[in-house]
Amino acid sequence: MPWVELPHTADAGLEITASSVEDLVTEAARAFYAFMFGEVSLVRSVEEHTVELECMDLLELFVSWLNELLYIYDTKEKVFSPETIEVDPKRARLLAKGNLHIAPSPARAVKAVTYGGAEISEGPPWRLRVYIDL
């Protein structure tokens, strides 16, 4: 399994590993959705969608990525499934194109992905640790 849930006293943590930065984007989304919804099976695509992010550094990029997925769910009640991902680690830019799907009912209410305790290690393997405010 490319990710594990980390114990935390008030929040929850995820640690995700991948062989490339693009795979880390995909695995981070999978881990976040599995945490939030339990098992996710994307059955119906409802529209195409693009996410573009430009941040100060890679850690901000990944925290922003997961918060963007939460924002899409909160505002559209959809799950974003990236099909193509381009990441420029030096400029902390991400372009993800994919589809929005009808979201299942969440198993856990998530408020935000936070910077507290968050870490990223460039790889390979790439490793991301984030904590989620419940």
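**Note on the predicted model: loops, helix packing, core and strand contacts**

1. Alanine 92 is buried, with a relative accessible area of 1%. The model is a predicted one. Alanine 92 sits in the loop between β4 and β5. Its phi is near 55 degrees, which is a positive value in a residue other than glycine. Most residues other than glycine have a negative phi. This backbone value deserves a look in the viewer, together with the burial of alanine 92.

2. Glutamate 77 is the next residue to check. Phi of glutamate 77 is also given as near 55 degrees, again positive in a residue other than glycine. Glutamate 77 belongs to the loop between α2 and β4. Is glutamate 77 buried or exposed? Its relative accessibility is 57%, and exposed means over 50%, so glutamate 77 counts as exposed. Alanine 92, by contrast, is buried.

3. Now the peptide bonds. Most peptide bonds are trans. Which residues does a cis bond join here? Glycine 123 and proline 124 are joined by one, with omega about 15 degrees. Proline 124 and proline 125 are joined by a cis peptide bond too, with omega about -10 degrees. Proline 124 lies in the loop between β6 and β7. Proline 125 is found in the loop between β6 and β7 as well.

4. Next, helix packing. Two packed helices are described by the angle between their axes and the distance between the axes. For helix α1 (residues 21-37) and helix α2 (residues 58-76), the axes come within 10 Å and cross at roughly 45 degrees. An angle of roughly 45 degrees is neither under 35 nor in the range 65 to 115, so α1 and α2 are oblique to each other. The crossing of α1 past α2 is right-handed.

5. Which residues make the contact between α1 and α2? From α1 come Val21, Leu24, Val25, Ala28, Ala29, Phe32, Tyr33, Met36 and Phe37. From α2 come Phe62, Trp65, Leu66, Leu69, Leu70 and Tyr73. By class, the contact holds 15 nonpolar residues, no polar ones and no charged ones.

6. The largest nonpolar core has 45 residues. Which of them touch the most other members? They are Phe32, Trp65, Phe80 and Leu94. At least two residues of this core come from each of β2 (12-18), α1, β3 (45-54), α2, β4 (78-88), β5 (93-102), β6 (112-121) and β7 (126-133). The most come from α1, with 11 residues.

7. Tryptophan 65 has a list of its own. Leaving out residues up to four places away in sequence, tryptophan 65 touches Val25, Ala28, Ala29, Val51, Leu53, Phe80, Pro82, Leu94 and Ala96. Val25, Ala28 and Ala29 are also among the α1 residues in the contact with α2. Phe80 and Leu94 appear again among the core residues that touch the most other members.

8. Histidine 49 is in strand β3. Its relative accessible area is 16%, and buried means under 20%, so histidine 49 is buried. What does histidine 49 contact, leaving aside its neighbours within four places in sequence? The partners are Ile72, Lys76, Phe80, Ala96, Lys97, Gly98, Asn99 and Leu100. Histidine 49 and glycine 98 are 49 residues apart in sequence, with a C-alpha to C-alpha distance of 5.5 Å.

9. Glutamate 48 is also in strand β3. Glutamate 48 is exposed, with a relative accessible area of 69%, whereas histidine 49 is buried. Not counting residues up to four places away in sequence, glutamate 48 touches Gly98 and Asn99. Its C-alpha atom is separated from that of glycine 98 by 5.8 Å, with their positions 50 residues apart along the chain.

10. Last, valine 79. The residue is in strand β4. With a relative accessible area of 1%, valine 79 is buried. How far apart in space are valine 79 and asparagine 99, C-alpha to C-alpha? They are 8.2 Å apart, at a sequence separation of 20 residues. Asparagine 99 is also a contact of histidine 49 and of glutamate 48.

Terms used:
Residues are numbered from 1 along each chain as its sequence is written. This is a predicted model: local features need pLDDT of at least 70, side-chain atom pairs count only at pLDDT 80 or more; totals for chains, interfaces and linings use all residues. Side-chain values use heavy atoms; hydrogens and water are left out. Axes are lines fitted to C-alpha atoms, for helices over the stretch in contact, and angles run from 0 to 180 degrees between N-to-C directions. Helices (H or I, at least four residues) and strands (E, at least two) are DSSP runs, numbered from the N terminus. Angles under 35 degrees count as roughly parallel, over 145 as roughly antiparallel, 65 to 115 as roughly perpendicular and the rest as oblique. A crossing is left-handed if the near helix is turned anticlockwise from the far one by less than a right angle, and right-handed if clockwise. Contact means heavy atoms within 4.5 Å. Ala, Val, Leu, Ile, Met, Phe, Trp, Tyr, Cys and Pro count as nonpolar, Asp, Glu, Lys and Arg as charged, and the others, Gly among them, as polar. A nonpolar core is a set of buried Ala, Val, Leu, Ile, Met, Phe, Trp, Tyr and Cys residues joined through side-chain atoms within 4.5 Å. Buried means under 20% relative accessible area, exposed over 50%, partly exposed in between (1.4 Å probe, protein chains only).
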